[in-house]
4 protein chains.
Amino acid sequence: MKRPEKAYCLNHAVQYYETDAMGVVHHSNYLRYFEQARVEWIRDKKLDSFHYPHCDIHWAVIESQLFHLRPAYFGDYLQTYLQVKREKLKICFQYVTFSNRFEEAVAKGLTVLVPVNSDKQITRLQKPVKDYLENLKWTETWL
Amino acid sequence: MKRPEKAYCLNHAVQYYETDAMGVVHHSNYLRYFEQARVEWIRDKKLDSFHYPHCDIHWAVIESQLFHLRPAYFGDYLQTYLQVKREKLKICFQYVTFSNRFEEAVAKGLTVLVPVNSDKQITRLQKPVKDYLENLKWTETWL
Amino acid sequence: MKRPEKAYCLNHAVQYYETDAMGVVHHSNYLRYFEQARVEWIRDKKLDSFHYPHCDIHWAVIESQLFHLRPAYFGDYLQTYLQVKREKLKICFQYVTFSNRFEEAVAKGLTVLVPVNSDKQITRLQKPVKDYLENLKWTETWL
Amino acid sequence: MKRPEKAYCLNHAVQYYETDAMGVVHHSNYLRYFEQARVEWIRDKKLDSFHYPHCDIHWAVIESQLFHLRPAYFGDYLQTYLQVKREKLKICFQYVTFSNRFEEAVAKGLTVLVPVNSDKQITRLQKPVKDYLENLKWTETWL
């Protein structure tokens with residue numbers, strides 16, 4: 001797979017505390033990289049005012065899928081690309097992570113989120129968020 | 001979904017450091033709970049002598065899937081059930097996690113693993129492991 | 001140092017996800033082991049009804065100190081001993097962690113905590129907690 | 001305390017997965033922020049060729065101390081300043097972390113490290129590292 005041309009991208013330097021005894025990034029960290037990329041995307045699109053802590057709504061992960069293609073090592077620089085689409089109440093992100101070490105993808109995945117209120121009940125997306133998401137789609141499928 | 005009757009089960013008390021600002025267990029921890037259950041299952045079945053650190057083979061996660069059904073809170077007690085089956089080189093675990101707080105499942109998921117050597121290359125399963133896994137199957141599908 | 005004779009003790013199996021690329025437990029986990037031991041001690045002494053989530057008070061860590069004496073490895077079993085004393089508003093825990101691998105301590109440390117309310121302001125200890133802590137002391141110093 | 005004028009500084013955006021149920025950064029993360037700052041400092045000073053993974057020596061943390069002065073929240077931007085000095089085999093870092101939210105320090109601390117080889121035995125610092133560290137000192141004490 002080649003690096004996506006049209007996709008938001010977040011850089012991350014692999015931290016020592018993210019490695020495990022196999023000398024590579026522990027697989028649970030990819031969900032954290034995806035979250036980090038998602039949060040930065042939300043900020044970049046000025047949607048953060050519609051999310052905790054600026055209002056009482058969280059986008060809660062209800063489903064995720066991960067594919068690990070190659071290892072990542074301490075000191076590698078990772079670029080996580082993402083695309084977003086809305087399916088009714090669900091906000092669907094797909095991700096692909098490249099490293100400076102390989103020309104190929106290190107990991108791919110998706111997370112499905114729904115807006116929840118402070119009682120952890122599913123709630124509606126605010127209109128400006130809904131409008132913004134309306135125009136988004138996955139221009140290709142990475143999984 | 002009811003609790004599985006025929007499945008290995010691991011208990012875990014939710015730790016404070018596993019919670020996030022929503023007051024619930026951060027979703028990335030479920031991959032850690034699954035790993036913990038898997039490792040204990042490997043020990044329980046006396047297969048740990050065929051895995052790091054007792055030999056130079058790791059079972060590396062190449063794929064995972066997670067469904068979050070209900071939140072888990074600090075102080076909850078979680079029971080993670082698992083079942084295993086082999087598909088050629090792949091070792092496939094399915095998991096379902098219950099908490100003492102609900103009668104229903106909190107999370108479900110699967111992880112697919114392959115044996116890798118110290119060069120991170122896919123390798124063969126040792127014969128006793130292969131023989132043991134031969135007789136295992138998922139008696140139901142939880143996902 | 002010998003294992004303390006008169007001290008609360010918590011067992012913990014080192015998890016794979018707690019190791020780092022040096023093949024040992026990453027040092028940040030010891031603060032988590034100490035927290036785990038502290039929380040279990042609070043429960044054991046029936047003081048948890050005076051703490052989040054049962055009431056709106058957290059014991060917040062304001063200071064900690066750690067000494068790493070020997071490495072801990074995946075699969076090691078750790079026993080963390082603790083002792084408690086109160087100094088005005090401060091609740092002072094000392095810890096020492098042993099593993100089944102060595103006859104000597106793996107790590108030692110202390111954490112100092114103060115009760116804070118939901119606004120993160122220092123508050124008073126409830127009377128039953130204060131009374132209970134009144135009778136505690138460190139019978140020796142481990143640091 | 002005012003921000004140090006003469007000190008290496010690392011920026012870090014607080015991640016959602018670093019928060020806990022109190023809505024603030026869990027205290028164990030500060031050891032990770034300190035590590036991240038230390039690693040970037042090592043790279044900045046071109047000393048990384050003398051450390052894992054470029055050679056078989058790790059700087060292992062043998063002691064640490066932390067003071068928590070104010071909470072940090074999801075979305076805060078943290079600046080961790082550090083200074084270094086050598087005391088025989090020990091490499092001593094002091095740190096102070098500020099956030100964009102307060103004019104005052106959020107956390108302060110120190111870590112003491114020693115070089116260890118792949119057998120986890122204390123070893124000598126390589127000459128160029130020793131020479132570089134020779135000229136460093138803490139120009140003030142932050143703790």
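The following conversation introduces the arrangement of the chains and some aromatic contacts in this predicted model.

Biologist: What should I know before reading the numbers?
Modeller: The model is predicted: local features need pLDDT of at least 70 and side-chain atom pairs count only at pLDDT 80 or more, while totals for chains, interfaces and linings use all residues. Residues are numbered from 1 along each chain as its sequence is written, chains are lettered from A and ligands numbered from 1 in the order in which they are written, and side-chain values use heavy atoms, without hydrogens and water.

Biologist: What rotation superposes chain B on chain A?
Modeller: A rotation of 180° does, with 0.0 Å of shift along its axis and an RMSD of 0.0 Å; the fit is by least squares on the C-alpha atoms of residues with pLDDT of at least 70 in both copies. The two copies are therefore related as by a two-fold rotation axis.

Biologist: Which C-alpha of chain B is nearest the axis?
Modeller: That of Gln65(B), 2.2 Å from the axis.

Biologist: Turning to rings, how many aromatic pairs are there over all chains?
Modeller: There are 40. Rings of Phe, Tyr and Trp (its six-membered ring) pair if their centres lie within 6.5 Å; planes under 30 degrees apart count as stacked, over 60 as edge-to-face and the rest as tilted.

Biologist: How are Tyr30(B) and Tyr33(B) paired?
Modeller: Tyr30(B) and Tyr33(B) are edge-to-face, 5.4 Å centre to centre with 75° between the planes. Both are buried, meaning under 20% relative accessible area, with exposed over 50% and partly exposed in between (1.4 Å probe, protein chains only).

Biologist: Which residues form a ring cluster in chain A?
Modeller: Ring pairs link Phe34(A), Trp41(A), Trp59(A), Phe93(A), Tyr95(A) and Tyr132(A).
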